[in-house]
Amino acid sequence: MTILALIIALALEQFRPLSNRNLFTLAFVRLANQLERGLNAGEYRNGVGAWLVLVLPLLIISFVVYALLCRVNVGFALFWNVAILYLTMGFRQFSHAFSGISKALQADDLDTARALLSDWNGQHAAEMSADEVSKVAIEQGLADSYRYVFGTLFWFVVLAWFVGPAGALLYRAASLLAQKWGRSSGPFGQFAVTALEMLDYLPVRLTAASFAIMGNFEDAVYCWRTQAQSWADYIDGILLSSGAGAIGVRLGDTLHQDHTVKFRPELGVGDAASPDYLASAVGLIWRTAILWIAIVLLFSLGSWLGAVAIL
């Protein structure tokens, strides 16, 4: 059921993608805002309580519905898995923006590319050159591919045997809360950040290893080991350094933004980022996604054959 739900959800999302501003996400963010206003007294324990109040009911409801549907009909349980994955795993939520930027740069329409990038990551891009737009787009694409696909997929698969699709809900909720509370809420948001770091520990390293396998292995591993810690966010540093090494492109470095030049650590090896490397980044992400699907398929077949052998 796991691999079938994954394939159906990915296919559905390709034909009818959800916006990252869909009703489920907006409702969750609104509730998070209300809880922050009501419970944020500037203490760590308030953040822990608010996180549990938001996340635990989602997981309990998801599991209870899944268990009841399994008793009624396996097909209904499969539908529930697909629905949760469709809401939480959004490949097109970042690939659509990535494709738009790539097409704009190929047409030498730098203004449109800047506008699309700014709308995507919420940062000013009016002063960026075409190469800088390409560089930031690759960085955002690698990071978002993990947040929207690989991180969610990992926890869905790992917990699917025990709690149905609750793992996907857990990761998406934790990611949203860390993004919402972690940057500006002081001690209140520290638990949200810590919880996401714990959930990220294994899947981010598996994603980086997958980038290496599906790209230039030696360069990816070298960049991961020597450059990841120099990035401000270590999780993103792992993703960007391994992805840049796998593609053979240099990311990070200087960036013209907000009427100044921002100096960032250099990640990757090879040529400086340019519009030509956008296709290489998309190809790496797709190959990695296919690798993960193939691994899940092999494990599913192994489990099924083992069950048949026992019978």
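## Helix crossings and a few residues to work through

The crossing of α7 and α11 is right-handed. That is the starting point for the exercises below, and the model they use is a predicted one.

**Exercise 1.** Describe how α7 and α11 meet: at what angle do their axes cross, and which residues make the contact?

*Solution.* Start with the geometry. The axes of α7 and of helix α11, residues 234–247, come within 9 Å and cross at roughly 115°. The handedness, as noted, is right-handed. Next, collect the residues. On the α7 side the contact uses Ile138, Glu139, Leu142, Ala143, Tyr146 and Arg147. The α11 side brings Ile235, Asp236, Leu239, Leu240, Gly243, Ala244 and Ile247. Finally, sort them by class: nine are nonpolar, one is polar and three are charged.

**Exercise 2.** Take Asp236 from that contact and work out its surroundings: is Asp236 buried or exposed, and what does Asp236 touch?

*Solution.* First, place the residue: Asp236 sits in helix α11. Then check the accessibility. The relative value is 22%, so Asp236 counts as partly exposed, because that class runs between 20% and 50%. Now look at the contacts. Setting aside neighbours within four places in sequence, Asp236 is in contact with Ala143 and Trp231. One more distance helps to place it: Asp236 and Asp144 are 92 residues apart along the chain, yet their C-alpha atoms are separated by 9.8 Å.

**Exercise 3.** Move to the other end of the pairing and do the same for Arg147: is Arg147 buried or exposed, and which side chain does a polar contact join to it?

*Solution.* Arg147 belongs to helix α7. Its relative accessible area is 16%, and Arg147 is therefore buried, since the cut-off is under 20%. For the polar partner, look at Tyr171: a polar contact of 2.6 Å joins its side chain to that of Arg147. Then widen the view to the whole contact list. Leaving out residues up to four places away in sequence, Arg147 touches Thr152, Tyr171, Arg172, Ser175, Leu196, Asp200 and Ile235.

**Exercise 4.** Work out how α6 and α7 are oriented: parallel or antiparallel, and left-handed or right-handed?

*Solution.* Helix α6 covers residues 110–121 and helix α7 covers residues 130–163. Their axes come within 10 Å and cross at roughly 30°. Angles under 35 degrees count as roughly parallel, so α6 and α7 are roughly parallel to each other. The crossing of α6 and α7 is left-handed. From α6, the contact takes in Leu110, Ala113, Arg114, Leu117, Trp120 and Asn121. From α7 come Ala130, Val133, Val136, Ala137, Gln140, Gly141 and Asp144. By class, eight of these contact residues are nonpolar, three are polar and two are charged.

**Exercise 5.** Repeat the analysis for α8 and α9: at what angle do their axes cross, and what makes up the contact?

*Solution.* The helices here are α8 (residues 166–181) and α9 (residues 190–214), with axes that come within 8 Å and cross at roughly 140°. That angle makes α8 oblique to α9, because roughly antiparallel starts over 145 degrees. In handedness, α8 passes α9 in a left-handed crossing. The meeting residues of α8 are Leu170, Tyr171, Ala174, Ser175, Leu177, Ala178 and Trp181. Across from them in α9 are Ala192, Val193, Leu196, Leu199 and Asp200. The contact holds ten nonpolar residues, one polar and one charged. Some names here should ring a bell: Tyr171, Ser175, Leu196 and Asp200 are among the residues that Arg147 touches.

**Exercise 6.** Now for the loops. Where does Gly215 lie, and what does Gly215 touch?

*Solution.* Gly215 lies in the loop between α9 and α10 (217–227). With a relative accessible area of 29%, Gly215 is partly exposed. Beyond residues up to four places away in sequence, Gly215 touches Ala246, Leu284 and Arg287. Its C-alpha is also 8.0 Å from that of Gly245, 30 residues apart in sequence.

**Exercise 7.** Look up phi for Asp253 and Asp258: is the value positive or negative?

*Solution.* Phi of Asp253 is near 65°, a positive value in a residue other than glycine. Asp253 is in the loop between β1 (249–252) and β2 (255–257), and at 32% relative accessibility it counts as partly exposed. Asp258 has a positive phi too, about 55°, although it is not a glycine. Asp258 is in the loop between β2 and β3 (260–262), and is partly exposed at 37% relative accessible area.

How values were computed:
Residues numbered from 1 in each chain as written. Predicted model: local features only at pLDDT ≥ 70, side-chain atom pairs only at ≥ 80, totals over all residues. Heavy atoms only, no water. Axes fitted to C-alpha atoms, helices over the stretch in contact; angles between N-to-C directions. Helix = DSSP H or I, 4+ residues; strand = E, 2+ residues; numbered from the N terminus. Parallel < 35°, antiparallel > 145°, perpendicular 65-115°, else oblique. Left-handed = near helix turned anticlockwise from the far one by under 90°. Contact = heavy atoms within 4.5 Å. Nonpolar A, V, L, I, M, F, W, Y, C, P; charged D, E, K, R; others polar. Buried < 20%, exposed > 50% of the residue type's maximum accessible area, 1.4 Å probe, protein only. Polar contact = N/O pair within 3.5 Å; in protein donor to acceptor, adjacent residues only side chain to side chain.
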